[in-house]
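Thanks, everyone, for making the time this morning. Let me put the structure up before I say anything about it.

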Amino acid sequence: MDDIPPYPPIDPTTFDLIVIGTGLPESIIAAAASTASKSVLHLDPNPFYGSHFSSLPLADLPSFLSSHSTSPSPPRSPSSDDPNEFSLLEFATRPLYSSIDISTFSPNLDQHSRKFNLDVAGPRVLFCADKSIELLLRTGTNQYMEFKSVDATFVGDNKGNLWSVPDSRAAIFKDKSLGLVEKNKLMRFFKLVQGHLAGEQDVKISEEDLQSPFVDFLNKMGLPPKIKSFILYAIAMADYDQEDTGVCRDLLKTKDGIDQLALYNASIGRFQNASGAFLYPIYGQGELSQAFCRRAAVKGCLYVLRMPVTALLVDKDTGCYKGVRLASGQDIFSQKLILDPTFKVTLPLGSSPPLPLKEKLPFFSLKDDKGKIARGICITKTSLKPDISNFLVVYPPRSLFPEQVTSIRLLQIASNLAVCLPGMFVLYISALCNDDDQGKKLIHAVMNTLLTVPLDSESNAAVQSETAEIGSAVQDETSESSSGGPSDSGEEKPTLLWSALYSQELTLGQVDFICSTPMPDGKLNYNDLIDTTFKIFQEIYPEEEFFPETSLENPEVDGDASPET
Amino acid sequence: MHGRPRKAPKPEDEAASSAKAQKLRALQTQFFSFHHNKIYTKEAVELSAKLLEINPESYTAWNYRKLAVEHYLNLPDCNPDSIKSVLDDELRVVENALRQNFKSYGAWHHRKWVLSKGHSSIDNELRLLDKFQKADSRNFHAWNYRRFVAESMKRSEQDELKYTEDMIYANFSNYSAWHNRSVLLSALFDKKAEGFLLKEKVLPEEYEFIHQAIFTDPDDQSGWFYHLWLLDQTVTTDSPLLASSWPGHGSDVLLVGDRCYNGSAFSPFSALHSDSGSFPIVLYFNQPVRGVNSSTVTVECGFNKNEDLLWKPLSASNSQTARVWVAHLKVSSSDLHSTVEVSVGHTKGIISTRGFEYSHPSMLSFKVHVQPMERDSSQVSVAESISLREENFKVYGKQSEESIIDSFDQLIIKNGHETTASNWRFEALAKEIECFRELLSLVDCKIGKLTLARLLKAYDAMSYPFANKLVHSEEVLELYSDLMKLDRTHYQFYKDERSIVLLQKVTSSKGSLLQHCFQYKDSVSSAICGPICLRLNNLSLSRMGAFEKLLWVQMLDLSHNELQSIEGLEAMQLLSCLSLRNNKLRSLTALEPLRKLKLLRILDISYNQIGDHSIDTTRYVCSSPLSHSVGSELNRDETVTSDVALINNWEAFYIFKDFNLNQLDIVGNTIADEKFKSVLVKIMPKLKQLDGKLLD
């Protein structure tokens with residue numbers, strides 16, 4: 001204990017706001033608060049930026065996941081009351097990841113660990129016209145980042161085929177899988193939506209239709225099942241089976257479906273050198289958090305990494321939040337605190353919290369009634385589709401096996417985005433699920449359809465047994481894929497080199513005198529997260545504007561934001 | 001470049017533009033002084049470049065630069081390097097000018113001129129074009145230039161075809177790309193290039209391609225134009241064919257001196273009044289041809305080879321190309337019965353406008369009988385006063401039906417040549433019809449209806465020689481009626497098309513035609529007098545058509561229709577009596593086709609709109625004002641020496657001077673006042689009756 005203190009003391013010791021964790025929501029709040037001239041201290045126990053939104057080297061990912069998978073040891077000692085007027089409430093971390101399963105089939109990948117930037121919260125993209133891009137442009141944060149276009153979206157089937165999604169007029173014209181009648185119906189539907197959005201009187205969609213389920217509206221428009229599936233799951237990005245109200249937890253309304261279509265439509269062709277609807281940052285999604293941290297730092301935010309926080313300081317009498325105690329032993333005070341959602345406060349055993357705090361406590365016990373999200377990261381040496389390297393694949397509900405109730409999304413990112421060794425590809429897979437087993441089954445179903453899993457691995461047995469379970473459902477179809485799918489037939493399925501499978505809890509952001517930011521959600525983009533972040537900011541600083549518009553700071557933003565050619 | 005809204009200029013823009021104008025004027029003044037003094041110094045040439053960069057539309061500056069280039073190239077110390085540098089300079093100036101205005105005719109032309117000097121690398125041009133065509137994919141200047149470049153560098157049509165495909169995939173709403181595709185395919189068909197030998201192999205793929213565009217967005221018209229071209233490629237046979245003739249093959253022609261002929265053993269279809277003993281032979285081709293003359297078409301009458309027979313084209317313009325050709329054959333009065341043999345195309349030389357040779361020689365033979373004149377002068381004058389009034393017509397007698405039926409068949413020439421080769425055409429049309437029925441079941445689109453109507457019409461026309469009926473005519477008529485209601489802007493176009501289909505339907509079978517055949521019967525005399533009168537009145541026709549089936553008609557009643565034009569009527573060479581009463585003819589020049597009807601004696605143009613409009617719009621309706629012949633044949637001297645009234649009515653003079661009318665009705669037209677009538681009498685001294693009044 002009497003060694004050189006690992007942490008130099010932080011000066012000053014009082015801030016307007018302390019933010020713990022450098023995930024994207026925390027980073028945006030830090031940047032917004034700094035821009036509003038608040039003094040902000042931004043802490044992260046990790047040696048890197050991004051927390052649960054980071055992109056990590058290959059070797060670091062498993063340890064990061066497992067460090068958040070087990071409940072931490074109970075508090076070292078009952079919190080002793082300080083001689084001063086504060087009570088100490090110790091922090092613990094909640095486990096976020098479970099059933100982590102790392103498989104290595106190519107031993108030398110570890111040697112190049114640093115060449116990989118693997119997203120912890122993948123698959124994720126930015127729509128060219130979504131809120132994250134607007135925020136980047138408005139705040140000038142785009143100057144710290146570069147993007148490339150994700151060139152296409154496909155819909156997959158259980159035979160390993162990838163069908164391109166006719167998402168524009170030109171794509172519909174070009175599409176080889178749609179019949180003439182289907183083309184006509186789809187284009188007319190797009191025109192209807194465009195007309196509706198443009199406010200044309202004669203093509204207005206009725207209010208009644210807008211409030212009805214989107215799937216009913218699509219049926220009413222007479223769209224065939226294939227096109228319905230394209231629109232619902234590959235363009236509107238619906239998560240749950242919209243045609244089975246028994247399992248659908250999130251039935252899309254026509255209004256929201258149309259908003260999604262509008263977003264998608266506005267995204268295509270927004271930037272001249274981006275051919276698809278999506279962008280992906282070079283060096284991975286972790287860059288986003290880091291860019292907002294840089295933005296905050298420019299505005300005076302103080303950054304301290306590798307700095308765990310041990311306890312919450314509350315007023316003995318009023319039970320009000322006062323500050324935090326750092327691992328270095330230093331106490332730092334602030335008016336407001338923003339917490340990474342993995343933190344929770346443990347109460348001393350047998351003791352009851354001070355009265356005022358008791359009333360506030362319910363928000364600490366985060367509920368996870370939103371279920372889980374299963375994620376998978378795979379590394380291969382060949383692209384899933386020849387001649388195209390960065391693309392999205394959607395497996396609509398029931399497309400892989402009958403019990404599949406959520407859509408599974410897969411994003412392939414190539415080495416030209418500096419996320420892996422040259423010539424390799426990273427596949428991010430995710431699906432919403434109720435529990436770990438269901439999640440595993442979903443991820444494995446995609447892997448078995450698209451990849452060859454080698455037999456010589458230590459964790460192989462586990463993979464195989466999983467395969468056998470779902471095999472009954474998909475075996476016969478997958479065996480056909482080698483003989484006669486139109487798109488990828490005759491070609492060897494890419495061989496899996498490395499994979500990481502895990503389940504992640506889903507928690508929403510909480511707002512009170514202490515606020516928790518949201519966890520990475522199950523969406524493909526950051527729109528919902530940014531909305532929640534904005535609400536949190538408004539809650540803690542109702543008087544302040546969230547990144548006020550300044551004409552000086554973002555000259556010619558459009559040019560900067562466009563991905564490099 | 002399309003659909004971008006124009007912004008209103010801001011005040012500061014206006015100031016900038018006036019400054020720019022001032023600068024431009026100064027430059028221009030200086031430039032003209034260099035130009036006029038033929039100064040081609042480096043400084044002077046650079047000044048012209050500056051001028052062109054600001055204003056690429058300065059044609060004089062481009063021409064000046066051409067002169068300057070010639071000047072440099074003719075210098076004694078000129079060497080390949082200096083030539084190249086001079087020409088490269090030009091290309092650079094053009095490129096800068098094009099950046100300023102991508103649609104500058106002068107700039108593109110100058111570039112072609114420089115390239116045609118042959119000292120510059122052509123490969124570079126394609127790169128430049130790719131850049132320009134990405135920026136504005138439909139720009140026809142670029143596409144034009146691309147054709148020039150592709151030809152200069154001998155780039156294959158196949159490669160260019162692939163390029164159009166790429167452009168279409170990028171955005172199929174590209175008229176220029178579709179058009180270039182049709183140009184390239186035509187060239188490949190003409191060349192009979194590898195893989196393009198058989199249209200039946202290529203066209204289905206093209207149909208398939210265009211369907212993607214049409215179904216994806218039926219409102220986009222660019223694809224429809226290409227479809228129309230494909231349809232034309234499908235239905236038009238390469239080599240021209242003889243469609244019909246008068247007299248028909250195997251028919252009997254009776255030439256009578258009198259207008260009344262009772263108890264004739266021959267069909268009234270072929271009995272013809274002829275004072276002079278000559279009669280017209282009319283050949284009707286399925287497409288305009290040239291080269292019809294006494295060597296390509298021989299006419300043998302007995303032992304007379306008629307080598308001096310003169311074939312004349314019958315067309316609105318004075319071109320030597322026409323669908324209908326006429327020659328007047330005179331039979332000697334000593335031969336009361338003779339056989340005429342017309343042989344078409346046994347010698348090469350009849351060529352279609354598209355350059356294809358008439359390759360199916362055919363032979364027509366018919367008999368001519370002469371019935372000498374039995375003139376009774378009192379009877380003649382009564383008989384020749386013909387009044388086309390309702391009470392004077394009698395439904396054509398049933399007893400005569402048989403003879404009509406025979407004659408009707410003889411009118412149409414059967415072309416067996418193409419039947420086997422045409423199967424693919426039928427299949428292609430049938431497939432298209434099915435396809436567009438499906439489209440119309442999905443969306444109600446005007447151009448889809450129009451295309452379906454065209455397809456059905458083409459299908460009927462193609463199958464007519466075998467089916468002897470027009471299966472779809474009712475449906476086509478309904479489609480056009482629909483379109484007339486749906487699309488008021490193009491009402492007249494649809495109405496015209498509908499009129500033609502209606503006429504084709506009427507003339508398609510003996511039964512339907514018979515309903516329109518009447519016998520003219522004078523109210524005074526009880527004798528059945530004269531030939532059959534075809535009455536196509538009250539059908540709300542706005543155009544005439546189906547002429548190939550009507551070559552035999554001598555009396556035609558088109559009254560109470562909506563005709564604005566009688567284009568094509570010149571084919572009906574036997575017409576002697578025509579009623580156009582109660583139509584919408586707007587000008588005297590609309591009567592021009594009648595000038596070519598040498599047998600026309602009785603004309604009723606009463607109750608039209610001649611003279612309503614001070615401007616003669618007929619002249620603008622014609623395909624090209626330049627090809628329009630009205631006035632071009634006017635003999636200046638003749639006009640000058642005529643009196644003032646004729647000069648003031650030169651159109652009337654021009655139209656009526658060649659007429660050989662006995663009887664004219666013109667009442668009910670704005671133009672037809674007493675003064676005008678007196679002019680008419682002057683122009684036509686032979687006129688016996690005007691507006692029902694006998695003339696002295």
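I will go through the contact between two chains, and then turn to one helix. Please keep in mind throughout that this is a predicted model.

To begin with the extent of the contact, chain B contributes 22 residues and chain A contributes 15 residues, and the area buried between the two chains comes to about 1500 Å², with carbon and sulfur atoms giving 61% of that figure. On the side of chain B, Tyr169(B), Thr216(B) and Leu442(B) supply 42% of the area that this chain buries against chain A, which is more than any other three residues supply.

As for the polar side of the interface, the rule finds 4 salt bridges between chain B and chain A, and one of the salt bridges I can name is that of Asp217(B) with Arg169(A), where the closest N and O atoms are 3.1 Å apart. Across the same interface there are 9 residue pairs in polar contact, both residues being at pLDDT 80 or more.

Where on chain B do the touching residues lie? The elements that give two or more residues to that side are H8 (157–170), H10 (199–216) and H14 (423–442), all helices of chain B, and H10(B) provides the largest share, with 6 residues. By residue class, the side of chain B that touches chain A divides into 13 nonpolar, 5 polar and 4 charged residues.

Finally, on chain A, helix H14 (residues 527–540) has 14 residues and reaches 20 Å from its first C-alpha to its last, close to the 20 Å expected. Its buried residues are Asn527(A), Leu529(A), Ile530(A), Thr533(A), Ile536(A), Phe537(A) and Ile540(A).

How values were computed: Residues numbered from 1 in each chain as written. Chains lettered and ligands numbered in written order. Predicted model: local features only at pLDDT ≥ 70, side-chain atom pairs only at ≥ 80, totals over all residues. Heavy atoms only, no water. Helix = DSSP H or I, 4+ residues; strand = E, 2+ residues; numbered from the N terminus. Expected span 1.5 Å × (residues − 1). Buried < 20%, exposed > 50% of the residue type's maximum accessible area, 1.4 Å probe, protein only. Contact = heavy atoms within 4.5 Å. Buried area = accessible area lost by both parts, 1.4 Å probe. Salt bridge = Lys/Arg side-chain N within 4 Å of Asp/Glu carboxyl O. Polar contact = N/O pair within 3.5 Å; in protein donor to acceptor, adjacent residues only side chain to side chain. Nonpolar A, V, L, I, M, F, W, Y, C, P; charged D, E, K, R; others polar.
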